[in-house]
Amino acid sequence: MEHDYLRSLVERVEDVAREKKLWSAGDVIIVAVSGGPDSVALLHVLHEISSRRTPLKLVCAHVHHGFRQESDDEAIMVQNLAESLGIPVETAYIDVPAYMEQSGKGLQEAARDKRYEFLFETAAKYGAKSIALAHHADDQAETVLMRLLRGTGPSGLAGMKIKRTQKNVKLIRPLLRINKTDLLDLCDQSGYSYAVDCSNLTTKYRRNAVRLEVLPFLERYNGQISSSLNQLAEVIGEEDDFMDLAAENAYRSYVREIDGRLAFDAPSFLGLHVALQRRLIKLILNYLSADQENSDFVKIETVRQGVLQDRRTNWRLDLGGGLTCIREYGEVSFMPKPLERQGNYIYQLKSPDGPDLALPEIGKILRLERMNKEEMRDSINMSSGEASFDADQLVFPLTVRCRQPGDKMKIMGLNGSKKVKDILIDEKVPPSVRSMIPIVCDGSGSIVWIPGVRRSVHAAVGRHTSCILRMELVDAEKV
């Protein structure tokens, strides 16, 4: 009987492992074992697979939480179980009450944080590719229902994933399609010892209340409610993965990284399906901040509705967590910290042959390069961050400084001078980035170049030019 129960579960777990590519021969897997029937069954199933089917190196990891009298007995039981199977065991003794006081978190959240911290530390110690968790189908049903009750989107309805990567380690849940009763039957029929956590029988914790009160109530209307919720998670999970891929493709197509901010053009964004619009905003927010609160529905929809508004006025949204969203002209940009006014700065370049000039105030570097006549053709296709000048006509020393009120520049095709402020407006340079643009002046004090915007009429390259001086403004981080 023991062999039949174990063989049946092993085959079901192996089916999932093949489908989801949970492991390969020789993998080191940390198995989280609390001592309850679920984790005890998981350890026995993985041990059977490792012994008779796919060679794996298993390490048993147990957390002694330090707030239940039974914890000492559970730690000893898990130690004996691992030793009987010839599996090394790592035990962490964690003072959860002390961490609760230090962090201000509740019991469940504090215990979970410390538990996962220990599991990842153990994985690093053994060079493990995976951490195996004993969540099963009943856990999945409870998770989906809890998220539905509090309000969630497709990602929440997808529940727990059978496999996901965190901190370069795979979290795998080989039992996620198996019901709790099957795991209890395996332990009871096989005589496997396990611990019973009496705290699971009290409804003061929300998950317990869902398990003991809400699900039984719903079963009066649908006797297969747990199965239905698991099916929902399975279907939504695959569709959620599909939407994530679509959002990543849209990100690569539409989003640009400019001076530490992420930006897209509003007209292009409006051409996307509304579902993809929300996903793209969520992806941008997640890239800029690890704080998941920044990607909730209200914030995402506030940004989306702001982009949808058919008006030319600029606006700024404080998204919390140090994130700012700005619309300027037809561009929408996201920044990881509030905008700060750049300080005043002024630098001089006495010679075109000097070293690169660092501009730490704006995180840029100005490069100068002499070119002979044979290299002139290469100067035709230049980026907006480059400009070329007739080296013999350019007056040194050059001055590189921040923009000042009243600045004017003589531009090609225009008699007289034009205010730099008006040039920036005409070129639709977003106000938020204007302070990041330096001004380059020649030895007479005339502005010769506004990097990335326009150059002046001074020292223009012509057919009589024999030597070119190319200037380039680059990000300091990319050097």
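This briefing covers the confidence, the two sheets and the helix packing of one chain. The model is predicted. Its mean pLDDT is 87, and 91% of the residues reach 70 or more. One open sheet has six strands with mixed pairing. Another open sheet has five strands with antiparallel pairing.

**Confidence**
- Strand β4 (residues 130–132) has the highest mean pLDDT among the elements of the chain, at 98.
- Helix α15 (residues 431–434) has the lowest, at 76.

**Six-strand sheet**
- The strand order is β3-β2-β1-β4-β6-β5.
- β3 (89–93) and β5 (163–166) stand at the edges. Each has a single partner strand, so one side of each is left without a neighbour in the sheet.
- From one strand to the next, the twist averages 25°.
- Four bridges link β5 with strand β6 (residues 169–172), and this pair is antiparallel.
- Lys163 has Ile172 as its bridge partner in β6.

**Helices across the six-strand sheet**
- Helix α3 (residues 71–84) lies across β2 (57–64) and β3. Helix α3 runs at about 170° to β2.
- Helix α5 (residues 107–126) lies across β1 (28–32), β2, β3, β4, β5 and β6. Its direction is at about 150° to β2.

**Five-strand sheet**
- The strands follow the order β12-β16-β19-β20-β21.
- The edges are β12 (346–349) and β21 (454–455). Both have a single partner strand, so one side of each is left without a neighbour in the sheet.
- Strand β16 (residues 398–401) and strand β19 (residues 439–441) run antiparallel and are joined by three bridges.
- Thr399 pairs with Cys441 of β19 as its bridge partner.
- In general, strands of a sheet pair through backbone hydrogen bonds, either parallel or antiparallel.

**Packing of α6 and α10**
- Helix α6 (residues 137–150) and helix α10 (residues 225–254) have axes that come within 8 Å. The axes cross at roughly 75°.
- That angle falls in the 65 to 115 degree range, so α6 is roughly perpendicular to α10.
- On the α6 side, the contact uses Ala137, Asp138, Gln140, Ala141, Val144 and Leu145.
- On the α10 side, the contact uses Ser226, Leu229, Asn230, Leu232 and Ala233.
- By class, the contact of α6 with α10 has seven nonpolar, three polar and one charged residues.

How values were computed:
Residues are numbered from 1 along each chain as its sequence is written. This is a predicted model: local features need pLDDT of at least 70, side-chain atom pairs count only at pLDDT 80 or more; totals for chains, interfaces and linings use all residues. Side-chain values use heavy atoms; hydrogens and water are left out. pLDDT is the predictor's confidence in each residue, from 0 to 100. Helices (H or I, at least four residues) and strands (E, at least two) are DSSP runs, numbered from the N terminus. Two strands pair if DSSP finds at least two bridges between them. Axes are lines fitted to C-alpha atoms, for helices over the stretch in contact, and angles run from 0 to 180 degrees between N-to-C directions. Angles under 35 degrees count as roughly parallel, over 145 as roughly antiparallel, 65 to 115 as roughly perpendicular and the rest as oblique. Contact means heavy atoms within 4.5 Å. Ala, Val, Leu, Ile, Met, Phe, Trp, Tyr, Cys and Pro count as nonpolar, Asp, Glu, Lys and Arg as charged, and the others, Gly among them, as polar.
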